[in-house]
Amino acid sequence: MRYLFLLVVTLMMQATCAQVVNMTQLTLEHGLPSNETYQVTQDAKGFIWICTDHGVARYNGQTFKSFSTVDGLVENTIFRIYQDYQQRLWFLGMQGSLCYWDGDSIRQVAGNPQIRRVLNKPSIPSNIVVD
């Protein structure tokens, strides 16, 4: 009886551990604008958005649509994507510039020059530690 129990438990463990993970590597040959990526996120509509050093790519599961400064990005090196409560996707560039996808096109933020000015100022250390 004890051996039957061990056999059943062993078979159950194998059934739960035998999950197959499908993975596909997407590269330049598939339409990705660059192999250097910084962040990947999925929006509310199911699109996969990929931040790269050559813009942003939107993947629908089959093809890529690339966006760059020609399409309205404030810079091509995009590090982060954030989706807000209005379903807009916000893009943060390497220089601290912001722009967003409103569902139809990329819109620039009017305050980008002020944001860049603040980010480029030398910071005053708030804590000085001497060892």
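# Close-up views of a predicted model

**View 1. Arginine 107 and its salt-bridge partner.** With a relative accessibility of 39%, arginine 107 falls in the partly exposed class. What does arginine 107 form a salt bridge with? Its partner is aspartate 102, and the closest N and O atoms of the pair sit 2.8 Å apart. Aspartate 102 is partly exposed as well, at a relative accessible area of 31%. Keep in mind for every view here that you're looking at a predicted model.

**View 2. The chain as a whole, before we zoom back in.** Count up the secondary structure and you get two helices and eight strands. Follow the sequence from start to end and the pattern reads α-β-β-β-β-β-β-β-β-α. The chain has 131 residues, and 26% of them are buried. Now take the contacts with a separation of 6 or more: 29% of these join residues 24 or more positions apart.

**View 3. A four-stranded open sheet.** Strands of a sheet pair through backbone hydrogen bonds, and they can run parallel or antiparallel. Here four strands line up in the order S1-S2-S3-S4, with antiparallel pairing, and the sheet they form is open. Which strands stand at the edges? They are S1 (37-42) and S4 (64-67); each has a single partner strand, so one side of each has no neighbour in the sheet. Going from one strand to the next, the twist averages 20°.

**View 4. Where S2 meets S3.** Five bridges hold the pairing of S2 (residues 48-52) with S3, and the sense is antiparallel. To find one of the partners, look at isoleucine 48, which is matched with tyrosine 59 in S3. Tyrosine 59 is also useful for judging a distance to glycine 46, a residue of the loop between S1 and S2. In sequence, glycine 46 and tyrosine 59 are 13 residues apart, while their C-alpha atoms are 9.1 Å apart in space. Glycine 46 itself is partly exposed, at 32% relative accessibility.

**View 5. Arginine 58, a buried charge with no salt bridge.** Arginine 58 belongs to strand S3 (residues 55-59). Is arginine 58 buried or exposed? It's buried, and yet it has no salt bridge. The nearest side chain of opposite charge is that of aspartate 43, 6.6 Å away. A salt bridge needs the nitrogen and the carboxyl oxygen to be within 4 Å, so a gap of 6.6 Å doesn't make the cut. So who does arginine 58 touch? Leaving out neighbours within four places in sequence, its contacts include Phe47, Trp49, Phe64 and Trp101. Lys65 is on that contact list too.

**View 6. Two nonpolar cores.** In soluble globular proteins, nonpolar side chains tend to be buried together. How many residues make up the largest nonpolar core of this model? There are twelve, among them Trp49, Val56, Phe67, Leu73, Leu89 and Ile106. Strands S2, S5 (78-83), S6 (89-93) and S7 (98-101) are the elements giving two or more residues to this core. A second core, separate from that one, has five residues, including Ile50, Ala57, Tyr59 and Phe64.

**View 7. Isoleucine 106 and its neighbours.** Isoleucine 106 is one of the residues in the largest nonpolar core. Skip the residues up to four places away in sequence, and you'll find that isoleucine 106 touches Phe67, Leu73, Phe91, Cys99 and Trp101, among others. Also on its list of contacts are Asp71 and Gly72.

**View 8. Two hairpins in a row, S6-S7 and S7-S8.** S6 and S7 pair over four bridges in the antiparallel sense. One of the matches is leucine 92 with leucine 98 of S7. Four residues lie between these strands, and in this hairpin glycine 96 takes a positive phi near 90°. S7 also pairs with S8 (residues 106-108), again antiparallel, over three bridges. Here cysteine 99 has glutamine 108 of S8 as its bridge partner. The S7-S8 hairpin has four residues between its strands, and glycine 103 shows a positive phi near 110°.

**View 9. Aspartate 84 and arginine 88.** The count of salt bridges comes to two. One of them joins the side chains of aspartate 84 and arginine 88, at 2.8 Å from N to O. How do the partners sit? Aspartate 84 is buried, at a relative accessible area of 10%, while arginine 88 counts as partly exposed at 21%.

Definitions and conventions: Residues numbered from 1 in each chain as written. Predicted model: local features only at pLDDT ≥ 70, side-chain atom pairs only at ≥ 80, totals over all residues. Heavy atoms only, no water. Buried < 20%, exposed > 50% of the residue type's maximum accessible area, 1.4 Å probe, protein only. Lys, Arg positive; Asp, Glu negative; His and termini not counted. Contact = heavy atoms within 4.5 Å. Pairing = 2+ DSSP bridges. Axes fitted to C-alpha atoms, helices over the stretch in contact; angles between N-to-C directions. Core = buried A, V, L, I, M, F, W, Y, C linked by side-chain atoms within 4.5 Å.
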